[in-house]
Amino acid sequence: MEQSQGKLIVLEGIDGSGISTQTVRLKNFLETKYGLKVVLTKEPSDGPIGTIIRQILSGRVVGVSASSLALLFAADRLDHNNNKIKPALRQGDYVICDRYIWSSFAYQGMQNDISWIKEINKYAYKPDLTIFIKVRPETSLKRILGSRFQTEIFEKVEILEQVLANYIKIFTEWKDLGEEVRVINGEQEPNLVEMDIALAVEQFLQNNQLQRD
Ligand code: TYD
């Protein structure tokens with residue numbers, strides 16, 4: 001599919017890096033400052049496959065292998081592409097997605113061959129811009145434990161160290177291939193993170209010749 005008028009902006013980071021908060025703020029920024037129509041969405045999606053994935057992540061469904069989980073994420077992504085992302089982009093809307101292919105490389109890449117993860121995700125629509133909110137696992141876990149009682153299967157310091165290392169590796173590789181990936185310091189307070197993200201997105205919009213209202 002050709003890149004259409006709308007753009008797909010993805011936010012990524014380890015658990016507790018503030019992605020969800022920042023997606024909402026970015027949507028607000030793009031709507032108020034640029035008058036864009038923005039669709040906010042996330043992965044795992046709220047579709048049928050995403051619903052199964054959430055049950056696995058919370059531990060309610062057990063016994064699913066790492067490779068089956070990788071396939072579920074890839075299947076959920078294509079379903080999400082076809083039912084939500086591509087229709088919105090075709091209409092000229094902007095789509096902000098809380099996690100995308102990069103999460104599969106970073107998380108499923110821990111227990112699966114990365115070239116296989118790339119293969120099963122090769123039909124996923126390519127993001128136009130990716131924002132990586134970089135936070136240390138110690139910081140992110142402190143935030144997670146401070147905000148809720150239950151944790152999910154990936155929310156452990158040793159695991160998040162590996163996830164972070166995978167993110168850094170994959171983004172270095174993709175940036176070298178000319179992909180639009182911006183790294184933001186997520187250790188700062190949320191308002192400053194928000195400003196840095198807005199700046200990065202503004203730069204991207206200017207490069208794509210979109211003028212402020
Ligand atoms: P998260 O984004 O924190 O959602 P919620 O706030 O609803 O818990 O959790 C999603 C988890 O799924 C997170 O630990 C990362 C993981 N994940 C993968 O392992 N692979 C993927 O491809 C995606 C999209 C997410």
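This dialogue walks through the nonpolar cores, the aromatic pairs and the pockets of a predicted model.

User: Where should I begin with the interior, and which residues touch the most other members of the largest nonpolar core?

Analyst: A general idea helps here: in soluble globular proteins, nonpolar side chains tend to be buried together. In this predicted model, the largest nonpolar core holds 38 residues, and Leu 8, Tyr 100, Trp 102, Tyr 107 and Tyr 167 touch the most other members. The elements giving two or more residues to this core include strand E1 (8-12), strand E3 (94-98), helix H3 (66-90) and helix H7 (157-176). A second, separate core has 23 residues, among them Ile 9, Ile 96, Leu 129 and Ile 197.

User: What is Trp 102 in contact with, once its neighbours within four places in sequence are left aside?

Analyst: With those neighbours set aside, Trp 102 is in contact with Val 10, Glu 12, Pro 127, Thr 130, Tyr 167, Ile 170, Phe 171 and Trp 174. Trp 102 also belongs to one aromatic cluster, together with Phe 105, Tyr 107, Phe 132, Phe 154, Tyr 167, Phe 171 and Trp 174.

User: How many aromatic pairs are there, and how are the rings of Phe 105 and Trp 174 arranged?

Analyst: The count comes to 10 aromatic pairs. Phe 105 and Trp 174 form a stacked pair, with 6.2 Å from centre to centre and 25° between the planes; planes under 30 degrees apart count as stacked. Because Phe 105 lies in helix H4 and Trp 174 in helix H7, this pair ties together parts that are 69 residues apart in sequence. Phe 105 has a relative accessible area of 3% and is therefore buried, and Trp 174, with a relative accessible area of 15%, is buried.

User: Why is the pair of Phe 132 and Tyr 167 called tilted?

Analyst: The ring centres of Phe 132 and Tyr 167 are 5.0 Å apart and their planes meet at 35°, so the pair counts as tilted. Phe 132 lies in strand E4 (residues 129-134) and Tyr 167 in helix H7, so parts that are 35 residues apart in sequence are tied together by this pair. Both Phe 132 and Tyr 167 are buried.

User: Is Ile 117 buried or exposed, and what is Ile 117 in contact with?

Analyst: Ile 117, which has its place in helix H5, counts as buried because its relative accessibility is 0%. Leaving aside neighbours within four places in sequence, Ile 117 is in contact with Ala 70, Ser 104, Phe 105, Gln 108 and Asn 112.

User: How is empty space found, and what volume has the largest pocket?

Analyst: Rolling a probe the size of a water molecule over the atoms shows where empty space is left. Here the largest pocket has a volume of about 630 Å³, and of the 29 residues that line this pocket, Asp 15, Gly 16, Ser 20, Arg 99 and Arg 148 lie nearest its centre. Helix H1 (19-34), H2, H3, H4 and H6 each give two or more residues to the lining. By class, this lining has nine nonpolar, nine polar and 11 charged residues.

User: What lines the second largest pocket, by class?

Analyst: The lining of the second largest pocket has 11 nonpolar, seven polar and no charged residues. This pocket holds about 250 Å³ of space, and among its 18 lining residues the closest to the centre are Ala 66, Leu 69, Gln 111, Ile 153 and Phe 154. H3 and H7 each supply at least two residues of that lining.

Note on methods: Residues numbered from 1 in each chain as written. Predicted model: local features only at pLDDT ≥ 70, side-chain atom pairs only at ≥ 80, totals over all residues. Heavy atoms only, no water. Core = buried A, V, L, I, M, F, W, Y, C linked by side-chain atoms within 4.5 Å. Buried < 20%, exposed > 50% of the residue type's maximum accessible area, 1.4 Å probe, protein only. Helix = DSSP H or I, 4+ residues; strand = E, 2+ residues; numbered from the N terminus. Contact = heavy atoms within 4.5 Å. 1 Å grid on protein atoms, 1.4 Å probe; cavity = no way out; pocket = protein on both sides within 12 Å on 5 of 7 lines; lining within 4 Å. Points joined across faces, edges and corners; volume = space filled by probe spheres on them. Nonpolar A, V, L, I, M, F, W, Y, C, P; charged D, E, K, R; others polar. Phe/Tyr/Trp six-rings, centres within 6.5 Å; stacked < 30°, edge-to-face > 60°.
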